[in-house]
Amino acid sequence: MPFLSLPFRLRYVPLTLALAGVVAFGALCLAFPGWGLFYALLSLACLFLAVLGVRDLIQTRHAILRNYPIAGHLRFLLERVRPEIRQYFFEGDKDGAPFSRDKRALVYQRAKRELDKRPFGTQYDVYSDEYEWLHHSIAPRPVSFDPHRVIIGHGGPCTQPYSASVLNISAMSYGALSANAVRALNRGARLGGFAHDTGEGGVSPYHREAGGDLIWEIGSGYFGCRRPDGSFDPDQFAKAASDPQIRMVELKLSQGAKPGHGGVLPAAKVTAEIAAIRGVPMGEDCVSPAAHSAFSTPVDLMQFIALMRRLSGGKPAGFKLCVGHPWEVMALCKAMLDTGITPDFIVVDGKEGGTGAAPLEFMDHMGMPLRDGLSFVHNALVGCGLRNRLRLGASGKIVSAFDMARVMALGADWCNAARGFMFAVGCIQAQTCHTGLCPTGVTAQDPYRQRAIVVPDKAERVFNFHRNTVQALAELVAAAGLDHPGQLGPQHFLRRGATDRVVSYAQQYETLERGQLLADPGSAGRYGEAWSLARPHSFARSDAGNGR
């Protein structure tokens, strides 16, 4: 009968052997008392496997285990360790996502002040599609040891301008990062004289301990400056923003990892400490809505930016966004022209940004990549004559000096990096950030996990990574025959569009002349089309005329 043959089928053999082992080792235990303990332990081990196998047979959740009792667990074990096996044994230097092994190694080496040079030539196929390079000069300039800083908030209603480094720590909240990671980042920022963005989770005590410069990010939850109903509280904002450690205030419209998506911190995870930092009640979900409640139109947004600047005592005020509908960017530009209010800065986040956990569809397919979004915002501001009135920051998968130079050529005045600084603190790209099981304690709230981060040591690495990366940028700029990274332009970078065609960024990315959208929008291509659809009093598109 087929039923009687089941125990001898290959997929059931482990269970058959376990049952046989219980009987055999039990008998040996009785037959040889001198070895009784040894055989008893073997019998118990077989009994455990036999019970597990029977449970596998009768459970209803996993089809694999019903058909392969005991042996099926090997599949789940291998699946669990698959990322580590791939990373440590099979991943090439140019492989790995989202950051390749050599990019991660570069950060580690610069953070530890180890040799960061490579022998024997590039491993890239320089004739493959999408390969990119920077023009060098026959007459290179001397390398400048100037730290290359950028003044944000020069003139006008900004009375406390900030001299920012060209490389700063991008937005990562306490809660997303552990207390020790935040401590190390801010201490490193103080040592290196660069800025640390708090993320939308509020200014925690760990941001304040070392006294490093802070950029206070305000999200749609208004954490740290909210009323009980979740609306913006100007009095709380003014009190918090008066802290001299806070050098700039930034309104988050969207982020690259999940643009247009809100967030919820479940009530179970809202500790007393997080509740105090964010100004939310215990026992309730902490909600970041998808949209802001403090404004609803582009004009309202500009007025809110002006309010933030005034309440902060004249500190630079701006906003961060991942670019979506192009007419919304143009609506912001029209609102600036109509109100006469311009932010002191705009940070363009690319969809390749990834420190926030997000649904797969959002992470992979929502939002505009950094270089495309940055180029669009830069040229929109140029086209309507506003570019010289504010600064542009760029964030999204920036870890090397070449990454920095590339986005600065497309219009960025400075760069923000998140995962690069996480690597400097000790991140190994285990991609368990959202689980609380970070192996190095960078994103874990468990005090026994985060104790792995020795703050003085990691702060020194944060400082070293920043200093050595900015120095590498200075060397690239000098090799290109320039004196400052602000002189980089799209004409300096080339990419291979196909094996027989090379184009510069100036050819790849459409550019506008100063005031072109005001003087002749019909000549501005896709920018002119977006301009005609934009309205300063609504984020919705208008198909009638130019919408003004």
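Select strand E13, residues 414-417, in this predicted model. Trp414 and Asn416 point to one side of the strand, while Cys415 and Ala417 point the other way. In a regular strand, side chains alternate between the two faces of the sheet. Here, all four named residues of E13 are buried, whichever way they point.

Next, add strand E4, residues 167-169. E4 and E13 run parallel and are joined by three bridges. To find the register, pick Asn168: Asn416 in E13 is its bridge partner.

Now show strand E12, residues 391-395. E12 also pairs with E13 in the parallel sense, over three bridges. Pick Gly393 to see the residue that stands opposite Trp414 in E13. From E12, follow the chain through helix H15, residues 401-409, and on to E13. This β-α-β crossover is right-handed.

Move to helix H11, residues 298-311. H11 has 14 residues, and from its first C-alpha to its last it reaches 20 Å, close to the 20 Å expected at 1.5 Å a residue. Colour its buried residues: Pro298, Val299, Leu301, Met302, Phe304, Ile305, Met308, Arg309 and Leu311. Arg309 is thus one of the buried residues of H11.

What covers these buried positions? Show strands E6 (214-218), E7 (246-252) and E10 (317-321), together with helices H9 (234-241) and H12 (326-339); the cover of the buried residues of H11 includes each of these elements.

Finish just after H11, at Gly313. There the backbone takes a positive phi of about 85 degrees.

Notes: Residues are numbered from 1 along each chain as its sequence is written. This is a predicted model: local features need pLDDT of at least 70, side-chain atom pairs count only at pLDDT 80 or more; totals for chains, interfaces and linings use all residues. Side-chain values use heavy atoms; hydrogens and water are left out. Helices (H or I, at least four residues) and strands (E, at least two) are DSSP runs, numbered from the N terminus. The expected span of a helix is 1.5 Å times one less than its number of residues. Buried means under 20% relative accessible area, exposed over 50%, partly exposed in between (1.4 Å probe, protein chains only). Contact means heavy atoms within 4.5 Å. Two strands pair if DSSP finds at least two bridges between them. A crossover is right-handed if, with the strands pointing away from the viewer, the path from the first strand over the helix to the second runs clockwise.
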